[in-house]
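Thanks, everyone, for making the time this morning. I would like to go through one model with you, starting with the fold of one chain and ending at the contact with its partner.

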Amino acid sequence: MMKHILLPIDGSECALRAVAAANEMALAFGAKVTLLYVIPDPRKEGVIQGQEAMILSESKAAPLARQHLEKAQKALDASVQTAISLQKGVVSRTIEKEAASNDYDFIVMGTEGMGSALKRLLLGSVTRHVLEHVKIPVLVIR
Amino acid sequence: MAGGYEKILVPYDGSEASERALAQAKVLQEICAAQITLLEVLPNGLEARDQVNYHMLDRPRTVDPASYRAAEANLNQLKASFPLPDRVQVLLAEGPVASTIIETIDREGYDLVVMGSEGLGHALKRFLLGSVTKYVLEHVDIPVMVLS
């Protein structure tokens with residue numbers, strides 16, 4: 001019923017709060033958590049001006065992604081069963097595909113990721129995409 | 001928040017997505033015995049001014065007593081369908097939907113909102129995030145569980 005949580009993270013503070021919320025839900029429901037980190041593919045992502053600095057070279061992106069995943073995994077209670085998924089692609093669509101592919105019961109994610117300059121007022125584009133394209137419940141954490 | 005949420009707001013408007021939010025809230029109440037508030041905001045004509053709902057422009061500025069009573073009776077029925085009806089509060093308000101939801105959250109202090117991704121006003125289902133849901137997501141500090 002609520003047994004498998006998809007937890008997309010990106011190293012933002014907001015994502016860390018989502019990790020804490022997913023932990024609570026996992027404990028309450030006895031659910032398994034799959035942590036997903038998507039390394040943005042700059043060739044497909046449509047990078048807008050001023051964001052170039054956020055796209056790391058491939059050699060740097062993967063170790064950083066693994067760091068973020070390990071940090072998030074450590075933040076989850078030891079009793080919570082976890083899995084880790086590191087993928088590359090367009091972030092929003094990769095999350096959407098993952099959500100549809102692996103019989104998840106719900107998603108926990110932050111309202112905005114690394115990309116939002118206007119924090120608090122904007123709903124991040126990735127979160128918005130996920131809300132508009134997935135069929136399972138999404139717990140959105142500010 | 002010992003393994004769950006304690007005070008949950010469920011904005012309801014009779015749409016399919018809000019029915020799914022209701023079902024989800026029941027699951028959550030079963031797991032964590034949460035206090036639930038079922039909120040229905042009846043939009044009146046003033047709605048059209050702060051949200052562009054053109055289909056509502058010609059509506060009267062107040063909700064007629066009959067639909068008010070019907071909504072109240074419906075909410076009380078829904079309340080009875082919860083696992084712990086004694087821990088469900090029914091709240092009926094009138095006004096602009098999105099800002100009334102936010103005011104209720106600010107006033108009552110919830111730790112979770114469970115709501116549908118779009119309400120009754122939507123033609124382009126599935127691809128649009130409803131304006132009310134979007135407004136809530138952008139204006140609250142608490143977690144929001146969105147059901148599509």
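Going from the N terminus of chain B, the order of elements is β-α-β-α-α-β-α-β-α-β, which amounts to 5 helices and 5 strands. Please keep in mind throughout that this is a predicted model. Chain B has 148 residues, of which 50% count as buried, and if one takes the contacts in chain B between residues at least 6 apart in sequence, 73% of them join residues at least 24 apart.

Let me begin with strand 1 of chain B, residues 7–11. Because 4 of its 5 residues are buried, this strand is largely enclosed by the rest of the structure. It is joined by 5 bridges to strand 2 of chain B, residues 35–42, and the two run parallel. Within that pairing, B:I8 stands opposite B:I36. The connection between them passes from strand 1 through helix 1 of chain B, residues 16–32, into strand 2, and this β-α-β crossover is right-handed. Strand 1 of chain B also runs parallel to strand 4 of chain B, residues 112–116, with 2 bridges joining them, and there the bridge partner of B:I8 is B:L112.

That brings us to the packing, where B:I8 appears again. The largest nonpolar core has 54 residues, and B:I8 is one of those with the most contacts inside it, together with A:L7, A:I9, A:M25, A:V108 and B:V114. Helix 1 of chain A, residues 13–29, contributes the largest share of this core, namely 9 residues. What does A:M25 touch, once its neighbours within four places in sequence are left aside? Its contacts in chain A are A:I5, A:G30, A:F106 and A:L139, and those in chain B are B:Y5, B:L28 and B:M145. Apart from this core lies another, of 37 residues, which includes A:L36, A:V130, B:Y110 and B:I142.

A further element to look at is helix 5 of chain B, residues 131–139, in which B:V132, B:T133, B:V136, B:L137 and B:E138 are buried. On the chain A side, these buried residues pack against helix 5, residues 125–133, and strand 5, residues 138–141; within chain B, they pack against helix 4, residues 97–108, as well as strand 4 and strand 5, the latter spanning residues 144–147.

Turning to the interface as a whole, the contact takes 26 residues from chain A and 26 residues from chain B. The area buried between the two chains is about 2300 Å², with carbon and sulfur atoms giving 59% of it. Of the area that chain A buries against chain B, 22% is supplied by A:E24, A:E132 and A:R142, which is more than any other three residues supply. How many salt bridges does the rule find across the interface of chain A and chain B? The count is 0.

I will finish with a single position in chain A, A:S85, which sits in strand 3, residues 82–89. Its relative accessibility is 13%, and since the cut-off for buried is under 20%, A:S85 counts as buried. Beyond its neighbours within four places in sequence, A:S85 is in contact with A:T34, A:L35, A:L36, A:Y37 and A:L69. Between A:S85 and A:E98, which are 13 residues apart in sequence, the C-alpha to C-alpha separation is 9.6 Å.

Technical notes:
Residues numbered from 1 in each chain as written. Chains lettered and ligands numbered in written order. Predicted model: local features only at pLDDT ≥ 70, side-chain atom pairs only at ≥ 80, totals over all residues. Heavy atoms only, no water. Buried < 20%, exposed > 50% of the residue type's maximum accessible area, 1.4 Å probe, protein only. Pairing = 2+ DSSP bridges. Right-handed = clockwise from strand over helix to strand, strands pointing away. Core = buried A, V, L, I, M, F, W, Y, C linked by side-chain atoms within 4.5 Å. Contact = heavy atoms within 4.5 Å. Buried area = accessible area lost by both parts, 1.4 Å probe. Salt bridge = Lys/Arg side-chain N within 4 Å of Asp/Glu carboxyl O.
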